[in-house]
Amino acid sequence: MDVIRIEGGHRVEGVVKVEGAKNSALKLMAATILAPGVNTLTNVPNIADVHVMGKVLKRLGASIEVLDEHTLQIDTSAVDSWVTPYQLVAQMRASTAVLGPLLARFGCATVAMPGGCNIGARKIDMHILGLQALGVEFDLDHGDINATTPHGLVGATVTLDFASVGATENLMMASVHADGVTVIDNAAREPEIVDLANLLNEMGARIRGAGSPVIEIEGVSELRPVTHEVVGDRIEAGTFIATAGLVGHPVEVRGFDPAHLGLVLRKYEQMGIRIERSARSVRAWREGSLATVDIQTLPFPGFPTDMQAQTMCLLALGSGSCVVTENVFENRFMFASELQRMGADIRIEGHHAIVHGVSGLSGAEVRSPDLRGGAALVMAGLVADGVTVISDIHHIDRGYECFVEKLQTLGAHVERATVPDAPEA
Ligand code: UD1
């Protein structure tokens, strides 16, 4: 069993560069299906989820050449299958992002229905309702969703119940060839949506309004392959900025746009973290104690759910009490019970966490419950008394490239280790 072992209390400071955004790269890779030919994506993070999306595309008939660690050349001219099996969707729910592109290119798609995951049920009903409005017919067959377009795809207005990132992306990609104009109302506004719209427009699509709540897509007959750089990962950046706030010493985080972390940085300033913004980087440090503030997660430009656990880690050591409200996923506090094993005082009541700051944490054996919760436990280990050992670290590998190595260059005493599996109970 692989674990991350951290010896707390060592000085952490310096400069770190973030990779391209996981949540953008995965959708851009799926979008290459729309432009038959050789597409080149640069600044692609070398992480487990990207490898799974690579397997999905290859299974559909694409070929992928890795030009260098962060540059993928994806040839989608020979894509001739539209089936994405459960074995791949179960490894990564974002595999469902191929639904929209396959429908646009072939008029049909078979994608395994995703099951639940550890942060909640993560339904795809809004994807389905939206696509039905464009003329897609669905039937569920032995766990697979069969999608067909017997009368073609026709532009329509779709109002989402909730600004879902995945539904907005699938609708945007499905509608690029639809007859007429599609309007997505109450669309998600995340920077990754803008990155996807930019890629599609470079390919020749006509998309207006990405980044606002109303996106308009005018159907075009074909798209051409392009070269595109993935936007910097605001969540990886936020994780290192939160780390600087926790340890106190200055950390400069490069390779992303600070405007993509607007509310996070303002909340951190209210907590007493000093933030110096530049065009493509942030320098963060802290002089006094950590103040507590209430946080509630919401779709962009609200506070990102993907920064909730890392922020709760800071608040757990704040002077005072506060409430963290999770509005996006129903089951995203599992990390809190692991942090309690390290001495945090957190009470969960439904989708609220009541956090009473404590003066210190103590190293313990903990389990990474999910991607961001796992990263937050590593952060906690950096300031905890003694040694912290984190298991189930495959969650962290899904979304952070060289997390341990980057922390080592900042001076942290952290390493990956292999330990014998625990005996079965
Ligand atoms: C994406 C991100 C994830 C981030 C999330 C919210 C990727 C690969 N993942 O996930 O890191 O935390 O956005 O910023 O980009 N919902 C429904 N029905 C639907 C669609 C969604 O009920 O048809 C619910 C989900 O269960 C969830 C909420 O809406 O509770 C938000 O989901 P959504 O915005 O779609 O997130 P994802 O695209 O899955």
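Which residues line the largest cavity? I would like to start there, and I should say at once that what we are looking at is a predicted model. The lining is made up of Thr305, Gln308, Ala309, Arg332, Met334, Phe335, Asp370, Arg372 and Gly373, and the space they enclose comes to about 60 Å³. If you turn to secondary structure, the elements that each supply two or more of these lining residues are the helices α10, residues 308–315, α11, residues 334–341, and α12, residues 371–383. Sorted by class, the lining is made of three nonpolar, three polar and three charged residues. As for how many cavities reach 30 Å³ or more, the structure holds one.

As a reminder of what such a calculation does, rolling a probe the size of a water molecule over the atoms shows where empty space is left.

Let me move from the cavity to the ligand, which has 19 residues around it, the closest being Asp125, Met126, Ser164, Asp306 and Val328. How do the residues of that shell divide by class? There are seven nonpolar, five polar and seven charged residues in the shell around the ligand.

Several backbone atoms come close enough to be listed with distances, and I will take them one at a time. A polar backbone atom of methionine 126 sits 2.6 Å from an oxygen atom of the ligand, and for glycine 166 a polar backbone atom is 2.9 Å from a ligand oxygen atom. On the nitrogen side, a nitrogen atom of the ligand lies 3.3 Å from a backbone N or O atom of lysine 123. The ligand taken alone would expose 740 Å², and the protein buries 86% of that area. Two or more shell residues come from each of α1, residues 22–31, α5, residues 125–133, and α6, residues 165–174; of the elements, α5 gives the most, with three residues.

There is also the second largest pocket to consider, whose volume is about 180 Å³. Of the 13 residues that line this pocket, the ones nearest its centre are Val50, His51, Ile64, Val66 and Leu72. Helix α2, residues 48–60, and strand β4, residues 63–68, are the elements that give two or more residues to this lining, and α2 gives the most, with five. By class, the lining of the second largest pocket holds seven nonpolar, three polar and three charged residues.

Now to the sheets. One open sheet has four strands in the order β6-β7-β9-β8, and its pairing is mixed. At its edges are β6, residues 83–84, and β8, residues 137–141, each of which pairs on one side only. Strand β6 runs parallel to β7, residues 108–112, and two bridges join them; valine 83 has threonine 110 in β7 as its bridge partner.

A further open sheet, again of four strands and with mixed pairing, follows the order β18-β19-β21-β20. Here the edge strands, pairing on one side only, are β18, residues 295–296, and β20, residues 345–349. Inside that order, β19, residues 321–325, and β21, residues 352–356, pair in the antiparallel sense over five bridges, with threonine 325 partnered by histidine 352 in β21.

There is also a hairpin, in which three residues join β16 to β17. Strand β16 covers residues 273–277 and strand β17 covers residues 281–286, and the two pair in the antiparallel sense over five bridges. One of the bridge partnerships is that of isoleucine 275 with alanine 284 in β17.

I will finish with two points of backbone geometry, and the background is that most residues other than glycine have a negative phi, and most peptide bonds are trans. Where, then, is the peptide bond that is cis, with omega near 10°? That bond runs from phenylalanine 300 to proline 301, and proline 301 has its place in the loop between β18 and α10. The other point concerns histidine 142, whose phi is near 50°, a positive value in a residue other than glycine. Histidine 142 is also in a loop, the one between β8 and β9, where β9 covers residues 144–148.

How values were computed: Residues numbered from 1 in each chain as written. Predicted model: local features only at pLDDT ≥ 70, side-chain atom pairs only at ≥ 80, totals over all residues. Heavy atoms only, no water. Near = heavy atom within 4 Å. Polar contact = N/O pair within 3.5 Å; in protein donor to acceptor, adjacent residues only side chain to side chain. Areas by Shrake-Rupley, 256 points an atom, 1.4 Å probe, with all protein chains shown as cover. Nonpolar A, V, L, I, M, F, W, Y, C, P; charged D, E, K, R; others polar. 1 Å grid on protein atoms, 1.4 Å probe; cavity = no way out; pocket = protein on both sides within 12 Å on 5 of 7 lines; lining within 4 Å. Points joined across faces, edges and corners; volume = space filled by probe spheres on them. Pairing = 2+ DSSP bridges.
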